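Got the viewer open? Let's take a walk through this one, selection by selection.

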2 protein chains.
Amino acid sequence: MDSKPSFPGIVAASVAPRVKPSNYPEPFASRMSGRVKRALGDCFGLTNFGVNLTRLAPGAVSALRHAHAKQDEFIYVLEGHPSLVTDAGEQVLAPGMCAGFKAGTGDGHHLVNRTPTDVLYLEVGDRSAGDTAVYPDDDLQAVMVDGQWRFLHKNGIAY
Amino acid sequence: MDSKPSFPGIVAASVAPRVKPSNYPEPFASRMSGRVKRALGDCFGLTNFGVNLTRLAPGAVSALRHAHAKQDEFIYVLEGHPSLVTDAGEQVLAPGMCAGFKAGTGDGHHLVNRTPTDVLYLEVGDRSAGDTAVYPDDDLQAVMVDGQWRFLHKNGIAY
């Protein structure tokens, strides 16, 4: 039996896409069509943070606009020109541009592909305990319980 | 006074390089010449993890070969063909390839640029408390104390 360790490096685009397209309840899950996530960090057994390679078809969005209470987030654009929407308005990004979103600011963010070509980017987020998320533009809030997101209306009623 | 929030996105390559080229004691710090790190995550006030844009000139290395006890690490190659050295041997990577290094495995890793052209990659690492690092090829060990690395010989004597 050969116990020699295997080479760790992989081609990111060869990782199988995430099977479940979205964790959101309807009507929000359907709005994530055209978004494909490849969970790169999970491939290596990483648990302290996740790294996804995410592709947005024309018209697709990265997520509902949201802000985390505990989780820092970071994105780096590899291909295409996504629009980054925050309280500041819309900023068109380009390959080689990046942005970070410190937990707790309350300034919601997401990417929207308003172009006729695909967008490809890396997204990083840690897995801090006790996280919650707010969604300024939608009737939604989220609470992390036992490693799973639970989604509620803004009035606290579960979806 | 204009209190409108500013656009968050930035050009990663425009971030100023880290001023201190290396935290290692000599003779190891000098071996990091040709390595330039841009601390992207810090630009946005992120504290749960760091993201660096790191350039390796021909002959440069990413770090001494090392393994963390608590910190997960991840790299994504943007330009060039670094050699990834682990217990498995050497694997030549290419743009679009990535690798992750789960904390606690003890399998040391680093990148070496054995080519005549620059290597550019993103590196991600969390900031878990109580981290330590081992260096299989060098007379060195490291302990994180109050957010600062302290470096010791393998016999426990401080540098």
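Select the interface of chain B and chain A and switch on polar contacts (N or O atoms within 3.5 Å, one able to donate a hydrogen and the other to accept it; residues adjacent in sequence count only if both atoms are side-chain atoms): 18 residue pairs turn up, both partners at pLDDT 80 or more. Don't hunt for salt bridges (Lys or Arg side-chain nitrogen within 4 Å of an Asp or Glu carboxyl oxygen), as the count between these chains is zero. This is a predicted model, where local features need pLDDT of at least 70, side-chain atom pairs count only at 80 or more, and totals for chains, interfaces and linings use all residues. Residues are numbered from 1 along each chain as written, chains are lettered from A and ligands numbered from 1 in written order, and side-chain values use heavy atoms, without hydrogens and water.

Now colour the contact residues (heavy atoms within 4.5 Å): 46 in chain B meet 46 in chain A. About 3400 Å² is buried between them, 68% of it from carbon and sulfur atoms (accessible area lost on joining the two parts, 1.4 Å probe, summed over both). On the chain B side, pick B:Phe7, B:Phe49 and B:Ala88, which lose the most area, together 16% of what that side buries.

Next, superpose chain B on chain A (least squares on C-alpha atoms with pLDDT of at least 70 in both). A turn of 180° with a 0.0 Å shift along the axis gives an RMSD of 0.0 Å, so the copies are related as by a two-fold rotation axis.

Last stop: A:Phe74. Across in chain B, its contacts include B:Leu40, B:Phe44 and B:Val51, while within chain A they include A:Cys98 and A:Leu122.

Conventions
Lists of a residue's contacts leave out its neighbours within four places in sequence.
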